[in-house]
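The following paragraphs walk through the fold of one protein chain, from helix pairs to sheets and back to a few backbone details. Please keep the structure open while reading.

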Amino acid sequence: MKRVTDYPAWQQLVKHCDATSAMSMRDLFIAEPDRFDSLSVRVDDLLFDYSKNRIDRQGISLLTALARDADVEARRDAMFRGEAINITEQRAALHTALRRPASDMLVVDGRDIVKDIIQVRHQMDSFSTRLFNGDYKGHTGKHVTDVVNIGIGGSDLGPAMVCEALSPYRDTGINVHFVSNIDPADLLRTLANLDAEHTLFIIASKSFTTLETLANAHAARRWFLDNGGTTSGASKHFVAVSGNPAKVAEFGIVPENHFILWDFVGGRYSLWSAIGLPIVIAVGMQRFEALLDGAYRMDQHFLSAPITDNMPMLLALAGIYNRNFLGYRGQVITPYDHNLGRFAEHIQQLDMESNGKSVDVNGRRIDDYDTGPILLGGTGTNAQHSYFQILHQGSDVIPVDFLIAANSHYPDTNRHRELMANCLAQSEALMTGRNVDETRQAMGDHGIELNDDASINHRVFDGNRPSNTLAYRRLDPHTLGMLIALYEHKVFVEGVIWNINSFDQFGVELGKELAGKINTDLDEQKSAGVESTRTKAYDASTRGLIDHLRLLKD
Ligand code: F6P
């Protein structure tokens, strides 16, 4: 049975890391004058600079050997071919098929799935065109001005992130909103300013059984009926994206308003499918296709570039080195691009739901190496005034991915230049730090004489903290597609090296089961009284919290 830690490259990396850990990145930049050129890679306008990592050339070649030991290229090809690589659920993971051009063909189980995909894309196109030109009408003959997507996880985060990222392209005249949380605040705040006659709901759920989505969908239907809607009229105001036709029909959605989703598309990889319908409605079909094209471009690069020049592989290998050899537990993503405000949140689900596992593909508990890191993020420069303190001086080293565009969509070039300067300054500061002498000197330059060690220590930066930078021309749909696909493939490569199945998510189940039981007990308040929970097999903390909340309930 394959053991990751037995790979020759893994063992050499352990030794190499020990031997070189005292080396600072400052030293590496001096020792390797062409370090930036050799440790950066481009795909069209997108540049990936990974030179500010604590790895030397030999380390990089050992990491590429590790990717070979783990058979990453063969696994990648199996994924693109449509093999059932999601072994626990016996499914393919074919999100890459969703961005293939119409001229392509991919036969899986005797069926050309590209044909099916293109057919749904046509359905999205004609539906959105009818919305844009007002041909699609609500039950009173009014056109649609507002679309509310009700979904959660992958049925929300991806399209919500893309709609925000492409804000400068939102010119279709239709407002798109997202509701995900079962907290009534989410739906009610969204509906507060909407007119039921002009509102269309997309119920987005691959399974069509997700508690939050169904509860919100039913609440939305009640709101529609309470605001002049009729049961028969509801079919004009509710459409669905789902892989479960029976449940969709049971909800009362007509077949022509059901956009199908296939088993081979995982929730967190689904924004390229009809789950992307709100994107099409917000920015139009052409921009959605440009997004798909960008992802396809990254797919082709991932498939064809040698490991040493392969952007997703190198991003993943830098992550592996930080996690497994340097022992860093976290990873931060900081786009210096305000419209990427929800990028980190999307990548959180992508990365942590895929690689937050402690059992390998053979069912063996993993106790000899670490898997997915804790991923956090938020945009710069705001982040500099919140979590950056810990990145510079905290006791944990947390590597950062910076994202920055050369051009803004907005007219003020001075502020955008400040934004770029801040991004580059942060990665430089994390790498170089500031030692005692430099701190004394810097303070002196500001007219502050610091003579005691304590005052200097507070102002010293250790530096030698890793970061990657992704730099691109402008955040347009094509570039955004490339960036998302880049992270999808990064997560895949890391999963292959860790020998885990990145495509299931059993870890989200237990809490759901327990919530059902607790929900019943919280509801018993009216009839059975406070004592009833004492008979249930809860731990003392859960029991105490249930009782306290029941006592406080109005
Ligand atoms: O959080 C678990 C999960 O299954 C995610 O993987 C998925 O994206 C989300 O719930 C929503 O699932 P569905 O689209 O079936 O409602």
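**Helix pairs, sheets and loops**

Helices H20 and H22 are oblique to each other, because their crossing angle falls in none of the parallel, antiparallel or perpendicular ranges. The model is a predicted one. In it, the axes of H20 (residues 509–523) and H22 (residues 540–552) cross at roughly 40° and come within 10 Å. The crossing of H20 past H22 is right-handed. On the H20 side the contact is made by Ile 518, Asp 521 and Leu 522, and on the H22 side by Thr 542, Ile 546 and Arg 550. Sorted by class, this contact of H20 with H22 holds three nonpolar, one polar and two charged residues.

The chain as a whole contains 22 helices and 13 strands. Its radius of gyration is 26 Å, which agrees with the value near 24 Å that a compact globule of 554 residues would have. Along the principal axes, the C-alpha atoms fill a box of roughly 75 × 65 × 60 Å.

Two sheets can be followed in turn. One is an open sheet of six strands, ordered S1-S2-S13-S12-S10-S11, and its pairing is mixed. Strand S1 (40–43) and strand S11 (374–377) are the edge strands, each pairing on one side only. On average, neighbouring strands of this sheet are turned by 15° against each other, direction ignored. Within the sheet, S10 (residues 330–336) pairs with S12 (residues 400–405) in the parallel sense, over five bridges. Which residue in S12 stands opposite Tyr 336? The residue is Ile 404.

Helices pack on this six-stranded sheet. Helix H14 (residues 343–355) lies across S10, S11 and S12, and runs at about 170° to S11. Helix H19 (residues 477–497) also packs on the sheet, where H19 touches S1, S2 (46–49), S10, S12 and S13 (467–472). The direction of H19 makes about 155° with that of S13.

H19 has a helix partner as well. Its axis and that of helix H12 (residues 285–304) come within 7 Å and cross at roughly 40°. H12 and H19 are therefore oblique to each other, and H12 passes H19 in a right-handed crossing. Residues of H12 in this contact include Ala 290, Leu 291, Met 298 and Phe 302, while those of H19 include Leu 480, Met 482, Leu 486 and Phe 492. Charged residues take part too, among them Arg 287 and Asp 293 of H12. By class, the contact of H12 with H19 has twelve nonpolar, four polar and four charged residues.

The other sheet is open and has five strands in the order S6-S5-S7-S8-S9, with parallel pairing. Strand S6 (175–179) and strand S9 (258–260) stand at the edges; each has a single partner strand, so one side of each is left without a neighbour in the sheet. Neighbouring strands here are turned by 20° against each other on average, direction ignored. Strand S8 (residues 238–242) and S9 run parallel and are joined by three bridges. In this pair, Val 241 has Phe 259 in S9 as its bridge partner.

Helices lie against the five-stranded sheet too. Helix H6 (residues 113–132) lies across S5 (146–150), S7 (199–204), S8 and S9, and runs at about 150° to S9. Helix H8 (residues 184–191) touches S5, S6 and S7, and its direction makes about 165° with that of S6.

A further helix pair is H4 (57–69) with H13 (residues 311–325). These two pack at an angle of about 95°, with their axes 10 Å apart. That makes H4 roughly perpendicular to H13. H4 contributes Leu 63, Thr 64, Leu 66 and Ala 67 to the contact, and H13 contributes Leu 317, Ile 320, Tyr 321 and Phe 325. The contact of H4 with H13 has seven nonpolar residues, one polar and no charged ones.

Some backbone details remain. Asp 71 is found in the loop between H4 and helix H5 (72–81). Its phi is near 65°, a positive value in a residue other than glycine. Thr 381 is found in the loop between S11 and helix H15 (388–393). The peptide bond from Gly 380 to Thr 381 is cis, with omega near 10°.

Methods:
Residues are numbered from 1 along each chain as its sequence is written. This is a predicted model: local features need pLDDT of at least 70, side-chain atom pairs count only at pLDDT 80 or more; totals for chains, interfaces and linings use all residues. Side-chain values use heavy atoms; hydrogens and water are left out. Two strands pair if DSSP finds at least two bridges between them. Helices (H or I, at least four residues) and strands (E, at least two) are DSSP runs, numbered from the N terminus. Axes are lines fitted to C-alpha atoms, for helices over the stretch in contact, and angles run from 0 to 180 degrees between N-to-C directions. Contact means heavy atoms within 4.5 Å. Angles under 35 degrees count as roughly parallel, over 145 as roughly antiparallel, 65 to 115 as roughly perpendicular and the rest as oblique. A crossing is left-handed if the near helix is turned anticlockwise from the far one by less than a right angle, and right-handed if clockwise. Ala, Val, Leu, Ile, Met, Phe, Trp, Tyr, Cys and Pro count as nonpolar, Asp, Glu, Lys and Arg as charged, and the others, Gly among them, as polar. The radius of gyration is taken over C-alpha atoms; the globule rule is 2.2 Å times the number of residues to the power 0.38.
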